[in-house]
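Please look through the structure shown here, which the paragraphs after it explain step by step, from its sheet to its cores and its aromatic rings.

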Amino acid sequence: MDTQALINSLKKEQIKLADTKILNLFEQDPHRVDNFRCTAAGLTLDYSKNRLDQSALESLINLAEQRDITQRIKELFTGHTVNPTEDRAALHSLLRTPQGSCPTELQDEHQQIIETLDRMSSIVASVHNEQWRGFTGKAIKSVVNLGIGGSDLGPAMVAKALTPSHNEKLQCYFVSNVDSAHLQQTLSHCHPESTLFTLSSKSFTTVETLTNARGARSWLNQAGCSEDDIARHFITVSANIEKAVEFGISADNILPMWDWVGGRFSLWSAIGLPIALATNMDCFKELLAGAHDMDRHFEQSPPKDNMPVILGLLGYWYSNFWQTRSQAILPYDHCLQLFPAFLQQLEMESNGKSCQINGEPVQETTCPVIWGSEGTNGQHSFHQLLHQGTQIIPADFIVALKSHYDQEQHRLLFANCLAQSRALMIGKNEDEVITELTAAGKTEEQINALTPHKVMPGNRPSNTITMDHLTPKTLGALIALYEHKVFVQSVLWQINAFDQWGVELGKQLCETIAPTLSDTSIERNFDPSSEQLIRSYHQRNGS
Ligand code: F6P
């Protein structure tokens, strides 16, 4: 079957399933729970609560095969130029490849990774055993990461997720925003003598990060730290060593990054240093090991048993055949609070594209809006829309079987997670509402008035990803799962997941606007709305 024939057959599958209840699919296939479940790298994906049957799944898998998914995965892992607009490979998986398992053609890159891991280990050891001292000889008590996007979201999310493994002697903070409130409020918790900044910027040209770095340096200077001693307070991770040295960072304190690692895929590199400082190097290596387990699964499993392929296909199915426009990420784990924000960059910066890799316009609907927050908090805010809103929003529930904290409270958390996915699926029909209202003693008039408000359509799809515990290893596998899901979808949509030209225009325009806010003599010719806003700024700031 050619691609168009497959797409047509998928459209037919959708029409057939549009009138089918997920609950009926369980009746039709007594083994559905097993048939729609996949296990890998310590994670289990239950995708049985979806509007999908065996024949639709097979058609989706055929489509993935037709788009050459197996070959494309191979290319990803072996360093092909999967990012042609920047003429780069995307070797984030190599960052977690253990010694001895690296493809021969990537030995040189791998050697640099191993050396960098060794340097990270020495830095972490020297901070943790208090050999690393600040300008007055005090040991380091606070680490502040200065970075944004991929140089912030990944490390911040993982550091928060691994809270149970934190080194209690050290406090780790993440400052990203160019709004000085972020830096100033963070520094109010720190002492200059005992604060180490990790300055994370692959390009070393990002305005937000460099502005915050200058703010941090002057905070140190004001506290009496001389320029000669600044090196004791700054470690930089960058692919642009020249610019970092120009900024005044000592070459000894610069850890490398490489063109072949994308920013949003970089937490496995030295960009993850704050994670290792917040926890320890063994923890960081476990994180890498978990991701590597998922890499092996992704590389070696046939599409039908391949967790990232299945997850990617499900997202593709809903965006393109059910016209869903957003995807909720619902971790039932307080430690995974930042996971939805991390995935927003990972998925939307990667696949928020309208142009195919060959330069032609995309014919399908690409990345949905990714959003969500941790359960059970979300239940008391936006879940209402998931249950009774006019749009269908597929949801990914993520939950561990065991807690690091109180198991009795975890029982409630777990029950809530299950209750939500079940409520989305079963809903509540009119008869059930009427029976309930009658039992509650309502009059006929009240019942007629209330019933339409209380009916819940149900049949709303979700996945549930479970793991034993949220450990560094299972976390690594979880992140790698979504990284690979993103890649799978880019193959289906035939787009480049590894560039991000869309973010450039805003940066360029900011460069033209910023000077006009401090210098009114600069001739401007912006649009009327922007002009009016600039005048308000000048009026308020007396310029
Ligand atoms: O603005 C987008 C972006 O380019 C992201 O892709 C990247 O993660 C972030 O900025 C930070 O870039 P850098 O690490 O080069 O400072």
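Contact here means heavy atoms within 4.5 Å, while helices (H or I, at least four residues) and strands (E, at least two) are DSSP runs numbered from the N terminus. Axes are lines fitted to C-alpha atoms, for helices over the stretch in contact, and angles run from 0 to 180 degrees between N-to-C directions. This is a predicted model, in which local features need pLDDT of at least 70 and side-chain atom pairs count only at pLDDT 80 or more, whereas totals for chains, interfaces and linings use all residues. Residues are numbered from 1 along each chain as its sequence is written, and side-chain values use heavy atoms, with hydrogens and water left out.

A good place to begin is an open sheet of 5 strands, which follow the order S4-S3-S5-S6-S7 with parallel pairing; two strands count as paired if DSSP finds at least two bridges between them. At its edges are strand S4 (171-175) and strand S7 (254-256), each of which pairs on one side only, and from one strand to the next the twist averages 20°. Strand S6 (residues 234-238) runs parallel to S7 and is joined to it by 3 bridges, with Thr-236 standing opposite Ile-254 in S7. Two helices lie across strands of this sheet: helix H8 (residues 180-187) crosses strand S3 (142-146), S4 and strand S5 (195-200), running at about 165° to S4, and helix H9 (residues 207-222) lies across S3, S4, S5 and S6, at about 160° to S5.

Another parallel pairing joins S8 and strand S9 (residues 369-371) over 3 bridges, and here Ser-326 stands opposite Val-369 in S9. Because 6 of the 6 residues of strand S8 (residues 326-331) are buried, this strand is largely enclosed by the rest of the structure; buried means under 20% relative accessible area, exposed over 50%, and partly exposed in between, with a 1.4 Å probe and protein chains only. Ser-326, Ala-328 and Leu-330 point one way from S8, while Gln-327, Ile-329 and Pro-331 point the other way.

In soluble globular proteins, nonpolar side chains tend to be buried together. A nonpolar core is a set of buried Ala, Val, Leu, Ile, Met, Phe, Trp, Tyr and Cys residues joined through side-chain atoms within 4.5 Å. The largest one has 115 residues, and those with the most contacts inside it are Trp-317, Phe-339 and Tyr-482; helix H19 (residues 472-493) gives the most to this core, with 13 residues. Not counting residues up to four places away in sequence, Tyr-482 touches several residues, including Leu-311, Ile-329, Phe-339 and Ile-465. Apart from the largest core lies another, of 23 residues, among them Leu-183, Leu-187, Leu-210 and Ala-244.

Turning to the rings, the structure holds 17 aromatic pairs, where rings of Phe, Tyr and Trp (its six-membered ring) pair if their centres lie within 6.5 Å, and planes under 30 degrees apart count as stacked, over 60 as edge-to-face and the rest as tilted. The rings of Tyr-318 and Trp-322 have centres 6.3 Å apart and planes at 55°, so this pair is tilted; Tyr-318 is buried at 3% relative accessible area, and Trp-322 also counts as buried, at 12%. Phe-339 and Phe-342, by contrast, are stacked, at 6.2 Å centre to centre with 25° between the planes, and they are separated by about one helical turn because they are 3 residues apart in helix H14 (residues 339-351).
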